[in-house]
Amino acid sequence: MENKYPESELILNKDGSVYHLSLRPQDISDVILTVGDPSRVHKVSQYFDKITFEMNKREFITHTGIYKGRKLTVMSTGMGTDNVEILMSELDALANINLKKRENKVKKKSLKIIRIGTSGGLQQDLPVDSLLASQYAIGLDTLMHFYPLERTEAESNVESALQLEVGLPFRPYCVEGSSSLLKHFSDGMNIGNTVTCPGFYAPQGRQLRTPIRFPKIAESLSMFHYGDLWLTNFEMETAGYYAMGRLLGHEVLSCNAIVANRMTHQFSKNSDKTIDSLIKLVLDKSAEL
């Protein structure tokens, strides 16, 4: 693509902010915490020493402020990797494109993006209410069929083996998150490998009134392993974050509160407390970055 971005490709609002997020470069920190549920933004920013900026646009709610002397931004994304693609693309535009000139900046900036999410466990020994940081993410969505994502040989081998094991009619994608952020944040957490699904019901093996194609997918994912890589949990965003982070040059980590275990059929009796403990842990670690 040419360095000059036309109006139809890089869409800006009248105030010069990026289209979906309604943010300008000065509105965000270089450390960004993300949540799926818009109502969870306040559950993070309530711990800020002060909030210096707020924006509400669609499902994308943004609060920027100061926590223990560190400027931080918390944003909501809604659910799914389609929203993650919008978020990551527009955050990158804020960091690495001169919006007035519509040209790439010469010096590139790498953001640190940490997801605070909820997830369902796939292994019996991963208890409800535990916390987990994702080393690898495996995407069962099709987002990366539209991007030239480079994978390592090991990642490609996981993809092939999982497609064969589950009998998927498409190839999933496997991508590692930020090893430096994993090392920084993982104290007090399990380290696992997260499956990202393109839906909450059939893609995760839940059946209500309509028949589903893979009713045993949770069990298949639970039993799958490639060497010592086992799948620990599943949700709807992490693989999109990791893949877009690699494509765009940003450091990304997904941190998860395990609120259900699909193998033991348990659901957390106090998920709000578990999520709050994850929020506090991530905030304290983020202030050290």
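In this predicted model, Thr77 is placed in the loop that runs between β4 (70-76) and α2 (81-96). The relative accessibility of Thr77 is 1%, so the residue counts as buried. Leaving aside residues up to four places away in sequence, Thr77 touches Thr34, Val35, Gly36, Glu59, Phe60, Asn83, Leu87 and Tyr241.

Helix α7 comprises 17 residues (residues 271-287). At 1.5 Å a residue, the helix should span 24 Å, and the end C-alpha atoms of α7 are 24 Å apart, so the expected and computed spans agree. The buried residues of α7 include Ser271 and Thr274 as well as Ile275, Leu278 and Ile279. Further along the helix, Leu281, Val282, Leu283, Lys285, Ser286 and Ala287 are also among the buried residues of α7.

One aromatic pair is present in the structure. The pair is formed by Phe200 and Tyr201, with a distance of 5.1 Å centre to centre and an angle of 80° between the planes. The arrangement is edge-to-face, because an angle over 60 degrees is assigned to that class. Both partners are accessible in part: Phe200 has a relative accessibility of 39% and therefore counts as partly exposed, and Tyr201, with a relative accessible area of 43%, is likewise partly exposed.

Phe200 also takes part in an arrangement with a charged residue: Arg206 lies over the face of Phe200, at 3.8 Å from the ring centre. In another such arrangement, Lys57 is positioned over the face of Tyr19, at 5.6 Å from the ring centre.

Key:
Residues are numbered from 1 along each chain as its sequence is written. This is a predicted model: local features need pLDDT of at least 70, side-chain atom pairs count only at pLDDT 80 or more; totals for chains, interfaces and linings use all residues. Side-chain values use heavy atoms; hydrogens and water are left out. Rings of Phe, Tyr and Trp (its six-membered ring) pair if their centres lie within 6.5 Å; planes under 30 degrees apart count as stacked, over 60 as edge-to-face and the rest as tilted. Buried means under 20% relative accessible area, exposed over 50%, partly exposed in between (1.4 Å probe, protein chains only). A charge sits over a ring if NZ of Lys or CZ of Arg is within 6 Å of the ring centre and within 35 degrees of the ring normal. Helices (H or I, at least four residues) and strands (E, at least two) are DSSP runs, numbered from the N terminus. The expected span of a helix is 1.5 Å times one less than its number of residues. Contact means heavy atoms within 4.5 Å.
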